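User: Got a minute to go through this one with me? I'd like to get a feel for it before setting anything up.
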Amino acid sequence: MNNPDFSTINRRSAQSYIEHKHLIKNLLAGRTVPCRHCGQPLQAQLPVAGSENAGYIRCAKGCTDIELEASLPLR
Ligand SMILES: [Zn+2]
């Protein structure tokens, strides 16, 4: 068995998942988090319960554009 591609992909997506969780945590805590690409502050829109609008994390330039799942565990 030789599947280095899978392990690379899995490791990468796990890492970005952790980064996203970290971003969300900081933004929810009211901290300003700069975009890692352009340095502009990121803006977070949380998913609204009962609404079809998904939440997102974006920067002004759009190089960071992360869609949040509505199932995000909010209090
Ligand atoms: Zn950016």
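User: Okay, Cys-35 to start with: buried or exposed?

Analyst: Cys-35 counts as buried, since its relative accessibility is 4%. Keep in mind that this is a predicted model.

User: And Cys-63, how much relative accessible area does that one have?

Analyst: Cys-63 comes in at 39%, so it is partly exposed.

User: Which protein atoms are the donors of the zinc ion?

Analyst: Four SG atoms do the job, from Cys-35, Cys-38, Cys-59 and Cys-63, and they lie 2.2 to 2.4 Å from the zinc ion. In sequence, the donor residues are spaced C-x2-C-x20-C-x3-C.

User: Why does the pair of Cys-35 and Cys-63 tie together parts that are apart in sequence?

Analyst: It comes down to where the two sit. Cys-35 is in the loop between helix H1 (4–28) and strand E1 (43–45), while Cys-63 is in the loop between strand E2 (55–58) and strand E3 (65–68), so the pair links parts 28 residues apart in sequence.

User: What about the geometry, which angles do the 4 donor atoms of the zinc ion make?

Analyst: They run from 107 to 114°, and the site is tetrahedral. For reference, the ideal angle for four tetrahedral donors is 109.5 degrees.

User: Zooming out, how many helices and strands are in the protein?

Analyst: The protein has 1 helix and 3 strands. Starting at the N terminus, the order is α-β-β-β. Of its 75 residues, 19% are buried.

User: Let's look at the strands. Where is Ile-57 found, and is it buried or exposed?

Analyst: Ile-57 is part of strand E2. Its relative accessible area is 1%, so Ile-57 is buried. Its C-alpha is 5.6 Å from that of Gln-43, with the two positions 14 residues apart in sequence numbering.

User: And Ala-44, which strand is that in?

Analyst: Ala-44 lies in strand E1. That residue is partly exposed, at 42% relative accessible area. From Ala-44 to Glu-67 the C-alpha distance is 9.8 Å, and they are 23 residues apart along the chain.

User: Switching to pockets: how much space lies in the second largest pocket?

Analyst: About 210 Å³. The second largest pocket has 13 lining residues, and those nearest its centre are Glu-19, His-20, Leu-23, Arg-36 and Ile-66.

User: Which element gives the largest share of that lining?

Analyst: H1 does, with 5 residues in the lining of the second largest pocket.

User: Last topic, ring contacts. How many aromatic pairs does a search of the whole structure find?

Analyst: The count is 0 aromatic pairs for the whole structure.

User: Okay, then what lies over the face of Tyr-56?

Analyst: That's Arg-58, at 3.7 Å from the ring centre of Tyr-56.

Terms used: Residues are numbered from 1 along each chain as its sequence is written. This is a predicted model: local features need pLDDT of at least 70, side-chain atom pairs count only at pLDDT 80 or more; totals for chains, interfaces and linings use all residues. Side-chain values use heavy atoms; hydrogens and water are left out. Rings of Phe, Tyr and Trp (its six-membered ring) pair if their centres lie within 6.5 Å; planes under 30 degrees apart count as stacked, over 60 as edge-to-face and the rest as tilted. A charge sits over a ring if NZ of Lys or CZ of Arg is within 6 Å of the ring centre and within 35 degrees of the ring normal. Donors are N, O and S atoms within 2.8 Å of the metal (3.2 Å for Na, K and Ca); water is not among the atoms, so sites may look incomplete. Four donors count as tetrahedral if all angles lie between 85 and 135 degrees; four count as square planar and six as octahedral if opposite donors are over 155 degrees apart and all others between 65 and 115; anything else is irregular. Helices (H or I, at least four residues) and strands (E, at least two) are DSSP runs, numbered from the N terminus. Buried means under 20% relative accessible area, exposed over 50%, partly exposed in between (1.4 Å probe, protein chains only). On a 1 Å grid over the protein atoms alone, a cavity is a set of points where a 1.4 Å probe fits but cannot get out, and a pocket is an open set with protein on both sides within 12 Å along at least five of seven lines; lining residues have an atom within 4 Å of a point. Grid points are joined across faces, edges and corners, and a volume is the space filled by probe spheres set on the points.
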